[in-house]
Amino acid sequence: MSSESTPRFSPSDVTVVFLLGGPGSGKGTQSNNLVRDYGFIHLSAGDLLRAEQIREGSQYGALIKDYIREGKIVPMEITVALLSNAMADALQSGTVPEGHRPRFLIDGFPRKLDQAVFFEKTVCPSRLTLFLDCPEEVMESRLMKRGETSGRDDDNAESIRKRFRVFVETSMPVVTAFAEQDKVVSALATGSVDDVYARIREGFTARGINPI
């Protein structure tokens, strides 16, 4: 480990699992299952960024809004700071199940390889990345349906396709890099929610991560 920088949290004290998948791959749905059964504290990078852009007095709000509207990736220092502070807040607030090491499920992050490196160096090395592997046409169908009711600016055909391109170009190298370190559980994200969750559980069990 570099002497220049010590991560804020130790992997012997907290477990960090990254959750990656294209837009519409089911990250939110499966996060709910993992929180319920595994005691994960769920942190969504997207939710934190959306909350920050409307938080009164935020120095980042307008900047984040511009990046999200354009389908671009927010500067990693902002996203990592929000995640790191959310982890600290969760530990201080006593939301961790008693008698268990804190587990964080970080959803939709890291979006780029340099984000992964920066997070692991400054916040905490990850235990695993859970990758929801879903065909593009399935994701587009889900997002268009969600767009009918979500009210999200980016749930429209043009933004959706832009987000697919960004994911493939920038986030898949993250999955590949962690796979080379043998730190990826990949689950096919088609079929029913229960089908997908069964695949996730099987992958976690194989890596020694069990329900609480």
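Q: Definition up front: a charge sits over a ring if NZ of Lys or CZ of Arg is within 6 Å of the ring centre and within 35 degrees of the ring normal. What lies over the face of F40?
A: R103 does, at 5.9 Å from the ring centre of F40.

Q: What sort of model is this, and what was filtered?
A: It is a predicted model, where local features need pLDDT of at least 70 and side-chain atom pairs count only at pLDDT 80 or more, while totals for chains, interfaces and linings use all residues. Numbering runs from 1 along each chain as its sequence is written, and side-chain values use heavy atoms, with hydrogens and water left out.

Q: How many aromatic pairs?
A: Seven, counting rings of Phe, Tyr and Trp (its six-membered ring) with centres within 6.5 Å; planes under 30 degrees apart are stacked, over 60 edge-to-face, the rest tilted. One of them is Y38 with F204, an edge-to-face pair at 5.6 Å centre to centre and 90° between the planes.

Q: Where do Y38 and F204 sit in the chain?
A: Y38 is in helix 1 (residues 27–38) and F204 in helix 8 (residues 193–206), so this pair links distant parts of the chain, 166 residues apart. Helices (H or I, at least four residues) and strands (E, at least two) are DSSP runs, numbered from the N terminus.

Q: Are Y38 and F204 buried or exposed?
A: Both Y38 and F204 are buried, meaning under 20% relative accessible area (exposed is over 50%, partly exposed in between; 1.4 Å probe, protein chains only).

Q: Back to F40. How is its ring placed against F204?
A: The centres of F40 and F204 are 6.2 Å apart and the planes are at 55°, so this pair is tilted. F40 belongs to strand 2 (residues 40–44) and F204 to helix 8, so the pair ties together parts 164 residues apart in sequence. F40 and F204 are both buried.

Q: Which residues form an aromatic cluster?
A: F18, F109, F119 and F178 make up one cluster.

Q: New topic, the sheet. What is the strand order?
A: The order is 2-3-1-4-5, in an open sheet of five strands with parallel pairing. Two strands pair if DSSP finds at least two bridges between them.

Q: Which strands stand at the edges?
A: Strand 2 and strand 5 (184–188) do; each has a single partner strand, so one side of each lacks a neighbour in the sheet.

Q: How many bridges join strand 4 to strand 5?
A: Five, with strand 4 (residues 128–133) running parallel to strand 5.

Q: What stands opposite L130?
A: V185, in strand 5.
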